[in-house]
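This report introduces a single protein structure to a reader who has not met it before. The sequence and the structure are shown first.

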Amino acid sequence: MWTEVAIAMNTYYPSADSFAIRITIIILILCAYLIYDGVAHQSGATRWIAISIAALTAIIPLFFYPFRESFDRNTGEIKIHFLGYSRTISRENYPILLTGQDLINDGAIRLFASGGLFGYWGKWKSGDGRNFTSYVTHRKENVYYLSDGTHIIAINAPKEWIDQMYRSTIKGENGGGDH
């Protein structure tokens, strides 16, 4: 859960749900075993293929996991910080807050995504056929779906940030929604 200190500092460190933690641990143990097996028992190309697949499976997701989020109260923008880069999400770029949606838990399938390894990030197709990008680490904790009319992104964020982002008006739009 969020802490008052983190919200006051405009910084949020996403937590992972228990399923994501269990899947991550299992996959990392399998990767460690593949690396061990490759080093100890394989030879030639098989050794390097096993080690490479295991290492890439363990390392690549780290570049897609949202380690930290920050909120700029002046501009009303959320910045998601990944390993080595960040992405800014603003009301101007995503003016529509989809309310009453639960795209991840309502039959979504992964197109190029993780369904538990370090969270629920990547490209998904919802049960009703809409494509969306997810930066979610916890499926049941303040998941918001933002849209520009064509693209949808899913994020975990404190409710206060979303309230502030969608309360303001941009280009004559009414902000908010029943989220």
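The text below describes one sheet and then the salt bridges.

**The sheet**

The model discussed here is predicted. It contains an open sheet of 6 strands, arranged in the order E5-E9-E10-E8-E7-E6, and the pairing within this sheet is mixed. Strand E5 (96-98) and strand E6 (109-113) form the edges, each pairing on one side only. On average, neighbouring strands of the sheet are turned by 30° against each other, direction ignored.

At one edge, E5 runs antiparallel to strand E9 (residues 143-147), and 3 bridges join the two. Within this pairing, Ile96 stands opposite Ser147 in E9.

**The salt bridges**

As a general principle, side chains of opposite charge can pair when their charged atoms come close. A search of the whole structure finds 3 salt bridges. The table lists them with the separation of the closest N and O atoms or the N to O distance.

| Basic residue | Acidic residue | N to O distance |
|---|---|---|
| Arg139 | Asp17 | 3.3 Å |
| Arg130 | Asp128 | 3.0 Å |
| Lys159 | Asp163 | 2.9 Å |

The salt bridge of Arg139 with Asp17 has its closest N and O atoms 3.3 Å apart. Arg139 lies in the loop between strand E8 (131-136) and E9, while Asp17 lies in the loop between strand E1 (11-12) and helix H2 (18-41); the pair therefore ties together parts that are 122 residues apart in sequence. Arg139 has a relative accessibility of 24% and so counts as partly exposed. Asp17, by contrast, is buried, because its relative accessible area of 6% falls under the 20% cut-off.

Arg130 and Asp128 meet through their side chains in a second salt bridge. The relative accessible area of Arg130 is 27%, which means that this residue is partly exposed. Asp128 counts as exposed, because its relative accessibility of 52% is over the 50% cut-off.

The remaining pair, Lys159 and Asp163, is also joined through side chains, at 2.9 Å from N to O. Both residues belong to helix H4 (residues 159-167), and because they are 4 residues apart there, about one helical turn separates them. Lys159 is partly exposed at 35% relative accessibility. Asp163 is likewise partly exposed, with a relative accessible area of 21%.

How values were computed. Residues numbered from 1 in each chain as written. Predicted model: local features only at pLDDT ≥ 70, side-chain atom pairs only at ≥ 80, totals over all residues. Heavy atoms only, no water. Pairing = 2+ DSSP bridges. Axes fitted to C-alpha atoms, helices over the stretch in contact; angles between N-to-C directions. Salt bridge = Lys/Arg side-chain N within 4 Å of Asp/Glu carboxyl O. Buried < 20%, exposed > 50% of the residue type's maximum accessible area, 1.4 Å probe, protein only.
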